[in-house]
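Here's a chain worth a slow look from the inside out. Have the sequence and the model open side by side as you read.

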Amino acid sequence: MKTSAAGRTLSRLLWCLIGILILLLSSLWYFRWDITEDKRFSLSSMSQQLLGSLTEPLRITYYLSSELEELNPYVRDVKDFLRLYALDSSHVQVEVKDPVKEGFETSLLQQGIFPQQIQSTKGNSTQLVTVYSAVVLEYLDQVAIIPFAQRAESLEYEMATRLLMLVEEVGSWPVILMSGNGLSIEEDYSDVVPWLEAAGFFPAVFSPQEFILLEEELAAGEGQKIPLMLFGSSQLTGNQVESIRRFVERGGKLLVMTSAHSAALYDDWTVTPTEDKLLPVLASWGIEVGQELVFDISCFQPTFLSEDENPVYEQVNYPLWIQALPQYTVEHPISRRAFDLEFYWASPLTLTSLESEPLVFTTPSAWLAAPEPGKDLPFVTNPFMIPQTPSQAGQLASQYVLSGMAFLEGGGQVLVVGSQYFLSTLMRQYTGSLGNLDFVTKALLQLSGQEFLLELKNKAAQTRSLHKVTQGELEASRPKVLAVNLVVLPLLPVLVALFFRLIKKTLGKEAGTQKESSRE
């Protein structure tokens with residue numbers, strides 16, 4: 001049966017309309033195909049398991065300022081990730097709201113959600129813009145909040161910690177914080193408590209003397225699972241050190257940042273050796289803390305006023321502020337994909353036990369300086385006077401351990417960082433790095449037995465490292481990307497058209513056969 005010219009024209013118009021309709025619907029239908037080998041842009045099995053345990057509606061509201069969406073394209077990844085939650089579970093409802101345009105600012109402030117200020121540059125002018133990017137989760141009569149989600153890198157971990165609290169009613173994981181070097185956790189390490197709280201921990205600050213009273217209680221039952229984080233150890237008394245020793249040898253978990261010397265942190269950075277009663281105990285557990293200072297060519301470059309007649313500000317390599325490179329971190333859940341780690345006036349660690357393992361190394365081009373006895377300044381630390389290379393120091397280049405772990409009989413664990421100022425707020429103000437805070441978060445997750453959350457944390461770290469993708473990796477992924485964008489997607493409308501055309505032909509043949517049968 002032949003089709004008339006008018007019929008063919010009408011058929012073409014219908015196909016064009018169908019194609020346009022498919023394109024319009026595709027913009028409304030959210031679909032994402034993760035072609036990465038490790039599925040870094042997909043929900044992990046842990047997240048899927050949490051969503052599978054939902055029995056009631058989970059309402060997720062993303063309060064996003066339109067200005068931030070214009071200034072920071074990464075917030076689109078946050079929206080995409082939240083949509084993955086909605087796609088995975090019919091119990092999840094996701095809404096995106098502009099708190100300013102829709103009048104939610106007062107309500108957010110009452111919930112403890114505060115805006116952030118970011119810089120906006122237009123033309124030759126720069127101004128501060130106040131923006132929101134908060135995620136609020138509501139389940140039954142409970143509410144959990146992520147105060148500011150600017151990028152999706154760590155969002156799966158943050159969402160998982162909130163879902164555990166809402167769905168499985170798991171509270172925050174307790175951790176004990178204690179200063180052993182005379183500095184204040186509230187002032188000198190002021191970033192630590194809010195950072196750990198945001199990561200899902202419940203940090204409790206105790207003095208060394210209070211810990212002695214608490215030690216017996218911690219040694220029993222669930223108390224052994226509560227890790228102790230110790231900031232320096234040079235001011236601890238013999239009784240206080242003995243209390244820590246008993247806690248660990250009874251199965252307790254210890255994260256200690258310490259060194260064999262102290263620096264005049266708020267003065268001229270003079271470094272002097274200390275008498276530290278904890279160091280022999282650490283050595284008996286398999287981790288010796290050396291008396292030397294570690295120097296490394298991989299270091300931070302602070303800005304100083306030069307000592308010339310006409311001083312100017314200049315950046316100077318400071319080998320005593322070591323920047324650990326990712327390729328010299330061990331493939332361990334704590335140190336895996338660790339970026340921006342910085343060690344200030346660090347001591348070298350020597351692992352002497354078969355039950356100990358390194359986590360972070362210097363580069364192979366590091367060297368040591370031993371204290372010179374009898375001198376007012378046992379170490380030379382002036383940035384303009386210290387050597388910049390091993391040859392300038394008259395030393396042989398070598399590689400040293402900056403952080404390591406030891407495992408004791410009875411289940412005790414000790415993680416040592418050879419820099420007591422590893423989490424110093426002042427140091428972070430100099431360098432702007434968040435890597436040290438992220439490292440201790442992962443260490444505490446491991447020591448608390450939260451390995452599944454540590455896995456999510458490492459997944460976030462891998463996503464964050466995408467800017468370090470090599471040219472070879474880009475070339476390897478190019479065929480997949482081209483195949484999807486240039487072949488699969490353009491062919492979809494054609495395949496749909498061929499499918500309908502095939503159906504039309506089949507129906508036409510059946511109709512012709514029926515007519516011939518009726519004539520007979």
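What follows is a tour of the cores, one helix pair and the aromatic rings.

## The cores

Keep in mind that this is a predicted model. Its largest nonpolar core has 96 residues, and the members that touch the most others are Met159, Met229, Phe343, Trp345, Leu423 and Phe439. As for helices and strands, the top contributor to this core is helix α6 (residues 155-167), which puts in eight residues. There's also a second core, separate from that one, with 29 residues, among them Val241, Ile244, Leu279 and Leu282.

Trp345 deserves a closer look. Leaving aside residues up to four places away in sequence, Trp345 touches a long list of partners, including Ser259, His261, Ala263, Leu265, Trp269 and Val271. Also on that list are Leu293, Tyr318, Leu320, Trp321, Tyr421 and Met427.

## Helix α2 and its partner

Now for helix α2, which covers residues 45-52. Which of its residues are buried? They are Met46, Ser47, Leu50 and Leu51. Viewed down the axis of α2, these buried residues fall within an arc of 135 degrees, so they line one face of the helix. Ser45, Gln49 and Gly52, on the other side of α2, are exposed.

That buried set turns up again where α2 packs against α6: Met46, Ser47, Leu50 and Leu51 in α2 meet Glu156, Ala160, Leu163 and Leu164 in α6. The two helices pack at an angle of about 30 degrees, and their axes are 10 Å apart. As for handedness, the α2 and α6 crossing is left-handed.

## Aromatic pairs

The model has 18 aromatic pairs. Take Phe300 and Trp321: their ring centres are 6.2 Å apart and the planes sit at 35 degrees, so the pair is tilted. This pair links distant parts of the chain, with Phe300 in strand β15 (residues 299-300) and Trp321 in strand β18 (residues 318-324), 21 residues apart. Both Phe300 and Trp321 are buried.

Phe343 and Phe422 make another tilted pair, at 5.1 Å centre to centre with 40 degrees between the planes. Here the partners are 79 residues apart: Phe343 lies in strand β19 (residues 341-344), while Phe422 lies in the loop between β24 (413-417) and α12 (425-431). Phe343 and Phe422 are both buried.

## The ring cluster

Ring pairs also join up into a cluster made of Trp269, Phe300, Tyr318, Trp321, Tyr344, Trp345, Tyr421 and Tyr430. Some names here are familiar: Trp269, Tyr318, Trp321 and Tyr421 are among the residues Trp345 touches.

Notes: Residues numbered from 1 in each chain as written. Predicted model: local features only at pLDDT ≥ 70, side-chain atom pairs only at ≥ 80, totals over all residues. Heavy atoms only, no water. Core = buried A, V, L, I, M, F, W, Y, C linked by side-chain atoms within 4.5 Å. Buried < 20%, exposed > 50% of the residue type's maximum accessible area, 1.4 Å probe, protein only. Helix = DSSP H or I, 4+ residues; strand = E, 2+ residues; numbered from the N terminus. Contact = heavy atoms within 4.5 Å. Arc of directions from axis to C-beta. Phe/Tyr/Trp six-rings, centres within 6.5 Å; stacked < 30°, edge-to-face > 60°. Axes fitted to C-alpha atoms, helices over the stretch in contact; angles between N-to-C directions. Left-handed = near helix turned anticlockwise from the far one by under 90°.
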